[in-house]
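Colleague: I would like to go through this structure with you slowly, and to ask at each step what justifies the words we use for it.

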Amino acid sequence: MRGKIWSKVFPDDAPTQALDITRLAQLNIAGGNIRNIALNAAFAAAHKEESISMLDLHLAAKNEYLKLEKNMSPTESLI
């Protein structure tokens, strides 16, 4: 289910760089959190004038987990 959300969270014309949907789907979070992570990663990438990368998503996920007061497990690491 999460993989399907991740595969549709970015518009088709969004500049992405080698996103690993299977790995992203391992994040144990709800769809609203996935949207927040995707949006924050997109803003970070745009600020750098680069494509959205797994590093951008990893950093955004870490921040989202902090807001949730939750720790990211080793299997959830995106980098």
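Colleague: How many salt bridges does the count come to?

Modeller: The count comes to 3 salt bridges, and please keep in mind throughout that this is a predicted model.

Colleague: What makes the pair Glu50 and Lys48 a salt bridge?

Modeller: The rule asks for a side-chain nitrogen of Lys or Arg within 4 Å of a carboxyl oxygen of Asp or Glu. Between the side chains of Glu50 and Lys48 the N to O distance is 3.7 Å, so the pair satisfies that cut-off and is called a salt bridge.

Colleague: How do you know that Asp56 also forms a salt bridge with Lys48?

Modeller: The closest N and O atoms of Asp56 and Lys48 are 2.7 Å apart, and because the limit is 4 Å, this pair qualifies as well. Taken with the previous pair, this gives a network of salt bridges in which Lys48, Glu50 and Asp56 are linked.

Colleague: Are the residues of that network buried or exposed, or something in between?

Modeller: Here the cut-offs matter, since buried means under 20% relative accessible area and exposed means over 50%, with partly exposed in between. Asp56 has 3% relative accessibility, and therefore counts as buried. Lys48, with a relative accessible area of 37%, is partly exposed, and Glu50, at 45%, is likewise called partly exposed.

Colleague: What can you say about the salt bridge of Lys67 and Glu64, and how are these residues placed in helix H4?

Modeller: The side chains of Lys67 and Glu64 meet at 3.0 Å, N to O, which is within the 4 Å that the rule allows. Because they are 3 residues apart in helix H4, about one helical turn separates them. Lys67 is exposed, because its relative accessible area is 57%, whereas Glu64 is buried, because its relative accessibility is 2%.

Colleague: Why is the group of Leu55, Leu59 and Ile79 called a nonpolar patch on the surface?

Modeller: A patch takes residues with over 30% relative accessible area and no salt bridge, and nonpolar side chains are joined within 5 Å. Leu59, which lies in helix H4, residues 54–67, has 45% relative accessibility and so counts as partly exposed. Ile79 has 59% and so counts as exposed. Both values are over the 30% that the patch rule requires. Together, Leu55, Leu59 and Ile79 have about 290 Å² of accessible area.

Colleague: Where is Ile79 placed, and which residues does Ile79 touch?

Modeller: Ile79 is in the segment after H4. Leaving aside residues up to four places away in sequence, Ile79 touches Arg23, Met54, Leu55 and His58. Ile79 and His58 are 21 residues apart in sequence, while their C-alpha atoms are 6.7 Å apart in space.

Colleague: What is noted about the phi of Ala18 and of Glu49?

Modeller: Most residues other than glycine have a negative phi. Ala18 is not a glycine, yet has a positive phi of about 50 degrees, and Glu49, also not a glycine, has a positive phi of about 55 degrees. Ala18 sits in the loop between helix H1 (2–9) and helix H2 (21–24), and Glu49 sits in the loop between H3 and H4. Ala18 is called exposed because its relative accessible area is 69%, and Glu49 is called exposed because its relative accessibility is 74%.

Colleague: Why is Ser53 called buried?

Modeller: Ser53 has 14% relative accessibility, and because that is under 20%, the residue counts as buried. Ser53 lies in the loop between helix H3 (31–48) and H4. Apart from residues up to four places away in sequence, Ser53 touches Gln17 and Leu19. The C-alpha atoms of Ser53 and Gln17 are separated by 5.1 Å, although these residues are 36 residues apart along the chain.

Notes. Residues are numbered from 1 along each chain as its sequence is written. This is a predicted model: local features need pLDDT of at least 70, side-chain atom pairs count only at pLDDT 80 or more; totals for chains, interfaces and linings use all residues. Side-chain values use heavy atoms; hydrogens and water are left out. Patches are made of residues with over 30% relative accessible area and no salt bridge: like charges are joined within 9 Å, nonpolar side chains (Val, Leu, Ile, Met, Phe, Trp, Tyr) within 5 Å. Accessible areas come from the Shrake-Rupley method with a 1.4 Å probe; for residues, only the protein chains shown count as cover. Helices (H or I, at least four residues) and strands (E, at least two) are DSSP runs, numbered from the N terminus. Buried means under 20% relative accessible area, exposed over 50%, partly exposed in between (1.4 Å probe, protein chains only). Contact means heavy atoms within 4.5 Å.
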